[in-house]
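Here is a friendly walk through the structure shown below. Keep the 3D view open as you read, and turn it as each part comes up.

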Amino acid sequence: MENVLRPLIVLGGTVLLTLAIGWGTDRLLRKADERDHGTPLWGLLRRARIPYQLVLCTAMLRGSYDQTKLLERHQVGIGRTLTLVLIGSAAWLVIRIAGAIVETTYTRYARAHRDAARVRRVRTQVELIMRVVSAIVIVVAASSMLLTFPAMRAAGASLLASAGIIAAIAGVAAQSTLSNMFAGLQIAFGDMVRIGDTVVVDGEWGTVEEITLTFLTVRTWDERRITMPVSYFTSKPFENWSRGTPQMTGIVYWHLDHSAPVEAMREKLRDILRHCPAWDGRAYGLVVTDTTPNTIQVRALVTAKDADDIWTVRVAVREQMITWLSAEHPYALPRVNTADAVLPPYRVPSPDRASLRRAYDFPRTGRG
């Protein structure tokens with residue numbers, strides 16, 4: 001009877017105690033979250049209750065399993081398995097807690113600052129820092145798991161002795177990976193590109209959607225995703241339309257006939273912009289920038305508060321101006337000048353001797 005009750009008491013008591021501590025901790029975090037609505041820390045920490053309970057349960061089982069007298073032949077293996085689970089759950093818990101703290105810090109900063117560019121920069125740095133912390137915790141946890149095996153301990157001395165050679169070989173083999181990692185850190189803290197920035201890379205216009213230590217994802221205007229190594233942004237030029245102030249100036253071109261009413265087009269451009277909500281009212285202009293034997297090139301300058309609005313303004317101005325010209329001044333649209341072809345003067349071919357002889361020998365009687 002004792003052999004049955006002892007494992008039930010130890011294992012059941014461990015599980016019940018774990019659930020009780022987890023429930024009590026969750027209640028405290030919920031009350032703290034209800035009292036302090038200004039910070040999401042307590043609500044984010046509640047997401048860590050599963051790894052927290054797993055750490056408690058594994059730690060108590062690791063310390064009390066010897067008292068169960070259950071499967072004594074496999075006691076070493078079971079103890080090592082519990083140790084591995086404890087290390088893994090502890091790493092999971094540390095990552096969740098670090099994520100809650102980092103997210104809370106970013107939320108407070110975003111509420112305190114209205115500068116969108118600065119908030120995006122901090123967001124990029126926070127996400128990359130979180131990825132670095134997660135990678136470090138995972139590496140430390142994996143190393144701790146390996147060191148629980150006696151064979152790994154014995155091999156530790158030889159590994160440390162050849163650490164220099166291994167590091168050199170690894171550095172040469174993973175040169176591109178390491179360069180991308182350092183490029184990711186340079187992007188995060190050098191403020192070159194941030195999440196949410198509007199960029200043009202390889203002729204593609206889009207928004208930076210994700211930045212990691214090794215790659216960067218750009219979401220294009222047609223919902224495509226372009227994934228590029230972060231080293232591209234540290235070694236090649238690219239356009240960042242969100243750098244500095246997001247205000248932009250757009251250009252609209254028309255190729256028109258020489259008789260186009262330029263002054264009337266200026267007035268029409270002003271009327272179009274007055275009824276366009278995307279125009280920020282800073283500036284506008286319309287000039288003739290070039291001429292050819294058949295057409296003139298008319299350029300309009302418009303402004304907007306960001307890249308999205310400048311696209312809307314350009315499209316509206318181009319469409320409404322062409323519609324107005326077609327309805328009010330159709331002669332201003334480009335035409336292909338045509339005229340009747342001038343033929344060369346007609347020449348009568350001179351008769352040769354054979355034709356003259358035939359004409360002379362033609363019988364005078366009969367017809368004609």
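## The five-stranded sheet

Let's begin with an open sheet of 5 strands, whose order is β4-β3-β2-β1-β5 and whose pairing is antiparallel. Its edge strands are β4 (225–229) and β5 (239–240), each of which pairs on one side only. Please keep in mind throughout that this is a predicted model.

Inside this sheet, strand β2 (residues 204–211) pairs with strand β3 (residues 215–220) in the antiparallel sense, over 5 bridges. If you would like a pair of residues to anchor your view, take E210, whose bridge partner in β3 is T217. On to the next pairing: β3 and β4 also run antiparallel and are joined by 5 bridges. Here F215 stands opposite P229 in β4.

## Two faces of an edge strand

Which side chains of β4 are buried, and which are not? They alternate along the strand: I226 and M228 point to one face and are buried. R225, T227 and P229 point to the other face and are not buried. P229, the residue that F215 stands opposite, therefore belongs to the face that is not buried, given that buried means under 20% relative accessible area.

## Loops with positive phi

Two residues in the loops of this region are worth a stop. D202 lies in the loop between β1 (198–201) and β2. D202 has a positive phi of about 55 degrees, although it is not a glycine. With a relative accessible area of 61%, D202 is exposed, because the cut-off for that class is over 50%.

The other is E223, found in the loop between β3 and β4. These two strands form a hairpin with 4 residues between them, and it is in this hairpin that E223 takes its positive phi near 70 degrees. E223 is not a glycine either. Is E223 buried or exposed? Its relative accessible area is 51%, so E223 counts as exposed, the cut-off being over 50%.

## Strands β6, β7 and β8

Further along the chain, β6 (248–256) pairs with strand β8 (residues 296–304) in the antiparallel sense, over 9 bridges. A useful landmark in this pairing is I251, which stands opposite L301 in β8.

β8 has another partner in strand β7 (residues 279–291): the two run antiparallel and are joined by 8 bridges. One of the residues to look for is W279, whose bridge partner in β8 is A304. β7 and β8 form a hairpin, with 4 residues between them.

## A buried aspartate

Just past β6 comes D257, placed in the loop between β6 (248–256) and α10 (262–274). Is D257 buried or exposed? Its relative accessibility is 7%, so D257 counts as buried, the cut-off being under 20%.

What does D257 touch, leaving out residues up to four places away in sequence? Its contacts are N294, I296, Y331, A332, L333, P334 and R335. Among them, I296 belongs to strand β8 (residues 296–304).

## The second largest pocket

Now turn to the second largest pocket, with a volume of about 180 Å³. Its lining is made up of W205, W221, W241, A307, I310, W311 and R314. By class, this comes to 6 nonpolar, no polar and 1 charged residues.

Which element gives the most to this lining? Helix α11 (residues 307–328) does, with 4 residues. The lining also includes W205, which sits in strand β2 (residues 204–211).

## Cysteines and the chain overall

How many disulfides does a search of the whole structure find? The number is 0. Two cysteines can still be placed by their accessibility. C57 counts as buried because its relative accessibility of 17% is under the 20% cut-off. C276 is buried too, with a relative accessible area of 11%.

To finish, step back to the whole chain. Its secondary structure comes to 12 helices and 8 strands. Of the 368 residues, 30% are buried. Among contacts between residues at least 6 apart in sequence, 66% join residues at least 24 apart.

Terms used:
Residues are numbered from 1 along each chain as its sequence is written. This is a predicted model: local features need pLDDT of at least 70, side-chain atom pairs count only at pLDDT 80 or more; totals for chains, interfaces and linings use all residues. Side-chain values use heavy atoms; hydrogens and water are left out. On a 1 Å grid over the protein atoms alone, a cavity is a set of points where a 1.4 Å probe fits but cannot get out, and a pocket is an open set with protein on both sides within 12 Å along at least five of seven lines; lining residues have an atom within 4 Å of a point. Grid points are joined across faces, edges and corners, and a volume is the space filled by probe spheres set on the points. Ala, Val, Leu, Ile, Met, Phe, Trp, Tyr, Cys and Pro count as nonpolar, Asp, Glu, Lys and Arg as charged, and the others, Gly among them, as polar. A disulfide is a pair of cysteine sulfur atoms within 2.5 Å. Buried means under 20% relative accessible area, exposed over 50%, partly exposed in between (1.4 Å probe, protein chains only). Two strands pair if DSSP finds at least two bridges between them. Contact means heavy atoms within 4.5 Å.
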